[in-house]
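Trainee: I would like a close look at one part of this model. Please take a single strand and what surrounds it, and work outward from there.

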Amino acid sequence: MRKRTLPAFGVAAATAGALTLGLSLAPASADAAPASHGHRTIIIEAVEKGTAFNMVDVAPADSALGDQLIGTGDLIGRDGRKLGTSSFVGVSTDAKPRTAELLTFVYELPGGKITTAGTAKLSASGPVFDERFAITGGTGTYQNASGEVRVLQETVERAKVTFEIQR
């Protein structure tokens, strides 16, 4: 499998109960490896900045089950330029206390979009979560993409995100 480096772009990370998502982008890096069956892996390391969010509290009020966090973010490069956008929906999958969420992300990047989905176990101490989400599809340059994205949500305002895109 051959690995390739792409220009830095960001990806969004969402957290349950996050009021702001502050993320910025780091350049991607990857080592070259021999090609295997025509597939290649693209590694993108990034940080991303949230722009809007909304928390939806569903009944009953004393339960977190079904509550939603919906938001968007701007994908910003190290040079401060906007490179794309992100959108997410998170649905709480526990009642009390709020410790788990099902997350779906759409990342609009130069050349196309990538979708991801998965669950996150939320922590009250340390990073908010450190999870890997499945890449479920893509458009344009990312059509037929697979792989995963690791989101290390260090605080509600900062996350490190690493894509391993296989095409």
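**Strand β8 and its surroundings**

Mentor: Glutamate 131 touches Thr119, Ala120, Lys121, Val149, Arg150 and Val151, leaving aside residues up to four places away in sequence. This glutamate belongs to strand β8, and the model it sits in is a predicted one. Glutamate 131 is buried but takes part in no salt bridge. The nearest side chain of opposite charge is that of lysine 121, 7.5 Å away. That distance is outside the limit, because a salt bridge needs a side-chain nitrogen of Lys or Arg within 4 Å of a carboxyl oxygen of Asp or Glu. What the side chain of glutamate 131 does reach is the backbone nitrogen of lysine 121, at 3.0 Å. Lysine 121 therefore enters the description twice, once through its side chain at 7.5 Å and once through its backbone nitrogen at 3.0 Å, where the 4 Å limit concerns side-chain nitrogens.

The residues on either side of this glutamate in the numbering are handled otherwise. Side chains of opposite charge can pair when their charged atoms come close. Aspartate 130 meets arginine 150 in a salt bridge, with N to O at 2.6 Å. The two partners come from distant parts of the chain, aspartate 130 from strand β8 and arginine 150 from strand β9, 20 residues apart. Aspartate 130 counts as partly exposed because its relative accessible area is 38%, and arginine 150 is also placed in the partly exposed class, at 31% relative accessibility. Arginine 150 is also one of the residues that glutamate 131 touches.

Arginine 132 forms a salt bridge with glutamate 148, and the closest N and O atoms there are 2.8 Å apart. This pair again links distant parts of the chain, with arginine 132 in strand β8 and glutamate 148 in strand β9, 16 residues apart. Arginine 132 is partly exposed at 48% relative accessibility, and glutamate 148 is partly exposed with a relative accessible area of 27%. The salt-bridge count comes to 2.

Strand β8 also supplies the nonpolar core. The largest such core has 24 residues, and those with the most contacts inside it are Ile114, Phe129, Phe133, Val151, Phe163 and Ile165. At least two core residues come from each of β2 (40–46), β4 (68–76), β6 (100–109), β7 (112–121), β8 (129–138), β9 (146–155) and β10 (158–166). Val151, among the residues with the most contacts in the core, is touched by glutamate 131 as well.

Threonine 116 gives a second view of these surroundings, this time from strand β7. Threonine 116 counts as buried because its relative accessibility is 0%. Its contacts, not counting residues up to four places away in sequence, are Leu103, Thr104, Phe105, Tyr107, Phe133, Ala134, Ile135, Thr136, Val149 and Phe163. Phe133 and Phe163 in that list are among the core residues with the most contacts. Val149 is touched by threonine 116 and by glutamate 131.

On the C-terminal side of strand β8 comes the loop between β8 and β9, which holds asparagine 144. Asparagine 144 is exposed, with a relative accessible area of 67%. Its phi is near 70°, a positive value in a residue other than glycine.

Another glutamate, glutamate 48, can be set beside glutamate 131. Glutamate 48 is in the loop between β2 and β3 (49–56). With 1% relative accessibility, glutamate 48 counts as buried. Its C-alpha atom is 7.2 Å from that of alanine 159, although 111 residues separate them along the chain.

As for the setting, the protein chain has 0 helices and 10 strands. Of its 167 residues, 40% count as buried. Among contacts between residues at least 6 apart in sequence, 50% join residues at least 24 apart. The average pLDDT of the chain is 74, and 74% of the residues score at least 70. Over residues 1–36 the pLDDT is below 50, and this stretch has 144 contacts in the model beyond near neighbours in sequence. Where pLDDT is low, the predicted coordinates should not be read in detail.

Methods: Residues numbered from 1 in each chain as written. Predicted model: local features only at pLDDT ≥ 70, side-chain atom pairs only at ≥ 80, totals over all residues. Heavy atoms only, no water. Core = buried A, V, L, I, M, F, W, Y, C linked by side-chain atoms within 4.5 Å. Buried < 20%, exposed > 50% of the residue type's maximum accessible area, 1.4 Å probe, protein only. Helix = DSSP H or I, 4+ residues; strand = E, 2+ residues; numbered from the N terminus. Lys, Arg positive; Asp, Glu negative; His and termini not counted. Polar contact = N/O pair within 3.5 Å; in protein donor to acceptor, adjacent residues only side chain to side chain. Contact = heavy atoms within 4.5 Å. pLDDT = per-residue confidence, 0-100.
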